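Biologist: Please take a close look at a single part of this model, and tell me how that part sits in the whole. I am new to this, so please go step by step.

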Amino acid sequence: MTIDPTAFTEEKKTYLFGYPLKRTYAPFLHNTITTLAGVKRSYAKLESTDMDMFKKLIRQPDFGGSAVTMPHKVAICKELDGLTEDGAAIGACNTILREFQPDGSIKLIGHNTDSVGVRESLLKQDDSHVKSGKVRPGMLFGAGGAARASIYAMHKWLNCSPIYVVNRDAAEVETLIADYKKNATPAFDPVLVHIKTPEEAAKYEAPAYIVSAVPAFPPTTPEEKEARATVVEIFKKPEKGVILEMCYFPHPWTELAQIAQDAGWQVVTGEQAMIWQGIEQQKLWLGAEEKDFPIEKVFATVKEQLASDAKTGNEPPTGL
C-alpha cells in the first residue's frame, strides 16, 4: 500500500460510523492520539443507519479514513473497492483505508483492526506462550460481535488450537461454528469446540489465552449462570494463562476479572484492546509507525478519562 504523502500536512476528516453510539470512547481516543502526535485530523461520531449517505461521504476529497461499528461491520464490506486479507478472513470490517493507485485515483479498502487489539493487549501482557513455539487451546467467552476478530487473533498469531467457545446461547455458538466451517480456507480454518457445561470443561486442557466478550452484568438466568460456572471451571485448572476482559464500561475491572485474578490468571482490561486497535487504525490511515505516537501518554490519558467518567457517570468527551 502506498503511503499517503499528505497525511501529516493536509487536514482530513475521519469518522466512526454506527448506530447507536452511546458510551463510545473512540472519538476521545483518536482525537487524543492525533492531538498528541501533532497531526491535522479530526474524528467525529456519525451516528446513523444511512448507508447511502455514508457511501457518498467516504468518497469526498477531505475523507481521511473511517472506523465502522455495529450494525454496519458486515454490510460495509460489499460497498468498498476491496478487502485486506484480515478483513476478508474475519468477514467484517471496522476500518476503511484509502489506497492510492499509480494513476492518482483512490480505492477504499476494508480492513479489521479489532484482531490486532486482541493480539497486542494479550502479547504485551505475556508473550511467553507464543515465544515457546508450542500450541495450546484458546478460549472465547461469548459469541457476539467480538467473536470473529478474537478467533482470528488466537488462530493466526497466538498459537491457539483448538479454540473453545462458551456462551449462554447454545444456538448462537452452533451458528458461529457452522459459519466458520462453511467459509473455511486453507489459510484460515480454526478448530472450534463448544463447551456447554462445567463438567465438560473439566475434561479439557487449559487454554493459554481467553477473551471474554460478554457484558459485565452478574449472571441471572440459568443459562448465564451455567456459562459463568463453565468459565470458572477453566480458571480452576492448574495451568494458568492470560484473560482479556473486553468489557470496560462502567468500569474496566469487572467481577469476572476479579474471579480470574483470584484463581491465578493474569488479567488484561478491555480498554487496552480498544486503544491498541485505535493505534493500529491511525498507523494505517497516516502511513505511520508505532514510534510516531506517544503511546504511554495516550494510554495514561485514556485511562484517566475512563476513571473520571466511572466516578461521575458522564458521557465520554470527544477529545476536541
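**From the whole chain to one lysine**

Modeller: The chain exposes about 14700 Å², and carbon and sulfur atoms supply 53% of that area. Please keep in mind that this is a predicted model. Before the close look, here is the overall frame. The chain contains 12 helices and 12 strands. Along the principal axes, its C-alpha atoms fill a box of roughly 60 × 45 × 40 Å. The radius of gyration is 20 Å, which agrees with the value near 20 Å that a compact globule of 320 residues would have. Of the 320 residues, 50% are buried. Among contacts with a separation of 6 or more, 75% join residues that are 24 or more positions apart.

The part I choose is Lys 237. Lys 237 is in the loop between helix H9 (222–235) and strand S11 (242–245). This lysine is buried, yet it has no salt bridge. The side chain of opposite charge nearest to Lys 237 belongs to Glu 233, at a distance of 5.9 Å. A salt bridge needs a side-chain nitrogen of Lys or Arg within 4 Å of a carboxyl oxygen of Asp or Glu, so the pair with Glu 233 does not count as one.

What, then, lies 2.6 Å from a polar atom of the Lys 237 side chain? It is the backbone oxygen of Tyr 204. Tyr 204 also appears in the list of residues that Lys 237 touches, once residues up to four places away in sequence are set aside. That list reads Ala 201, Ala 202, Lys 203, Tyr 204, Glu 205 and Ala 206.

For comparison, here are some other loop residues. Arg 23 is in the loop between S1 and H1. Its phi is positive, about 60°, although Arg 23 is not a glycine. Arg 23 counts as buried because its relative accessibility is 17%, and the limit for buried is under 20%. Pro 20 is in the loop between strand S1 (12–18) and helix H1 (26–37), and the peptide bond from Tyr 19 to Pro 20 is cis, with omega near -10°.

Asn 159 is in the loop between helix H6 (147–156) and S8. Asn 159 also has a positive phi, about 55°, without being a glycine. With a relative accessibility of 23%, Asn 159 counts as partly exposed. Strand S8 (residues 160–166) holds Pro 162, which is joined to Ser 161 by a cis peptide bond with omega of about -5°.

Terms used
Residues numbered from 1 in each chain as written. Predicted model: local features only at pLDDT ≥ 70, side-chain atom pairs only at ≥ 80, totals over all residues. Heavy atoms only, no water. Helix = DSSP H or I, 4+ residues; strand = E, 2+ residues; numbered from the N terminus. Buried < 20%, exposed > 50% of the residue type's maximum accessible area, 1.4 Å probe, protein only. Lys, Arg positive; Asp, Glu negative; His and termini not counted. Polar contact = N/O pair within 3.5 Å; in protein donor to acceptor, adjacent residues only side chain to side chain. Contact = heavy atoms within 4.5 Å. Rg over C-alpha atoms; globule rule 2.2 N^0.38 Å. Areas by Shrake-Rupley, 256 points an atom, 1.4 Å probe, with all protein chains shown as cover.
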